[in-house]
Amino acid sequence: MQVTETLAEGLKRELKVVVPAQDMASQLNEKLAEAKGKMQIKGFRPGKVPISHIKKVYGRSMMAQMVNDMIQEKPTSILAERGERAATQPEISMTEDEKEADLILSGAADFEFTMVYEVIPAFDVADFSSFKVVREIVDVPAEEVEEQVLRVAENSRTYEPKTGKAADGDKVTVDYLGKIDGEAFEGGADQDAELVIGSNRFIPGFEEQLIGVKAGDETVIKVTFPADYQAAHLAGKEAAFDITVKAVAAPGALEINDETAKTLGLDSAEKLREVVRSQIESQYGQATRQKLKRQILDQLDEAHKFESPSKLVDAEFESIWRQINQELSDNGKTFEDEDTTEEAAREEYRTLAERRVRLGLVLSKVGEEAGIQVSDEELQRSLFEQVRKFPGQEQEIYEYFQKTPGAVASLRAPIFEEKTIDHLMTVIDVTDKTVTKEELMADDEAEASEKKPAAKKKAPAKKKAAKKDEAAATDAE
């Protein structure tokens, strides 16, 4: 087999591979010899079929299978011999001329094909001794735990029917029908809907107008949907709701005691507080990790500047671009509504895609050098978590991951990433800093976006896209 490099431009490579006809013939003869002992053809005793006859009957099909096997197997061995890693599956092309193909299958011509691919760039991992990050930690105050306990216990509060007028905090049961310009709209009707006045579950201004109603009343409530309402066709619109009050109930006393805890499936009020504190700490812990991870990724990005494979960048950009356009469509908005242009947005998200791919390659190499592995148990746990998201479709989800190429790899990548981040936190300088919850939850997107060329113009769904930067950092891995 002869391999000739015909293009080496940046990360792009093109190879011409030639397998001489005599080598193809030699391999075919070996396969024919192997087949002779196994083949049974009418008119011949087992194992006594002449090779010439087998070749006449099956030679072309066996040669075709050899060609297919070479296309599947040779690129891997060629890359290994060259000491290269392809960023994506190499593109293979061979002759489309029927006469030439016929000569190859008959063993009268060399088999030639070309490989076109991009290599994973060579780079050195930075010295992490200079990396410094701050881990922001919130000490959860007892008052916050108590506030959350009250919210949790609110679900177990009892309500007693009352004959008087509804007051703030009462629960009302109503039928309602919403209309805009006299026409009912989709999603604007319900029956026997229960609503606690003051819970702020409904459109601003809706609940307050229920104060003073009593069972049997019929009234009309007029409200204006918020300008940023999630349903674009309702945003900013004035609506009138025909209300029929079915019942009014007053809240019973809300006590935090062992009995209240037991209604929630816990042994005691103290255990309830422990569970609530743990949940709050977990929520803050996630925010702490995300901000810490952002700092690490920013420093990794700053320390590693190299060309990323264009195929990987293209694929990542298309993924981002689909998300952005879907969000715009869902919200009934355009790029102009977001104070930008499609051209500026493309430039910005192209930069983001390049960052993601580069970080993915860096984290992949860091993890490999650290010997990080993803166990079967971790993959199974991740798969189980995915299945839980689709109750009633468990079997279909399992089959999807079994039959879809790359599906399991999509589970492996984020686990590998998080374990690599964990490793980095053991080798870089991490300083703990106690902050308030407001400081911890403060949006740091503005600081991150300053590093992107198009940050002067507001891009659609920037917050979501930036956060996804961290979740997709090792997609390239």
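**Note on the predicted model**

1. The protein chain contains 14 helices and 11 strands, and the reader should keep in mind from the start that this is a predicted model. The radius of gyration of the protein chain is 33 Å, well over the 23 Å that the globule rule gives for 477 residues, so the chain is more spread out than a compact globule. Along its principal axes, the C-alpha trace spans about 100 × 65 × 55 Å.

2. On burial and contacts, 37% of the 477 residues of the protein chain count as buried. When contacts between residues at least 6 apart in sequence are considered, 72% of them join residues at least 24 apart.

3. Turning to the surface and the charges, the protein chain exposes about 27,700 Å², and carbon and sulfur atoms supply 47% of that area. The chain carries 65 positive and 95 negative side chains, and the centres of these two sets lie 5 Å apart.

4. The largest nonpolar core is made up of 34 residues, and those with the most contacts inside it are F128, I296, L300, Y349 and L424. Four helices, namely α6 (269-303), α7 (310-330), α8 (342-369) and α11 (407-427), each supply at least two residues of this core, and α8 gives the most to it, with 10 residues.

5. L300 deserves a separate look, as one of the residues with the most contacts inside the largest core. Leaving aside residues up to four places away in sequence, L300 touches F128, F131, L359, V362, L363 and L424; F128 and L424 are themselves named among the residues with the most contacts inside that core. A second, separate core has 24 residues, including A35, M62, I104 and M115.

6. Is Q386 buried, partly exposed or exposed? Residues count as buried under 20% relative accessible area and as exposed over 50%, with partly exposed in between, and because Q386 has a relative accessibility of 24%, Q386 counts as partly exposed.

7. Q386 lies in helix α9, which covers residues 376-388, and, not counting residues up to four places away in sequence, Q386 touches F401 and L411. The C-alpha atoms of Q386 and D242 are separated by 42 Å, and these two residues are 144 residues apart along the chain.

Conventions: Residues numbered from 1 in each chain as written. Predicted model: local features only at pLDDT ≥ 70, side-chain atom pairs only at ≥ 80, totals over all residues. Heavy atoms only, no water. Rg over C-alpha atoms; globule rule 2.2 N^0.38 Å. Buried < 20%, exposed > 50% of the residue type's maximum accessible area, 1.4 Å probe, protein only. Contact = heavy atoms within 4.5 Å. Areas by Shrake-Rupley, 256 points an atom, 1.4 Å probe, with all protein chains shown as cover. Lys, Arg positive; Asp, Glu negative; His and termini not counted. Charge placed at Lys NZ, Arg CZ, Asp CG, Glu CD. Core = buried A, V, L, I, M, F, W, Y, C linked by side-chain atoms within 4.5 Å.
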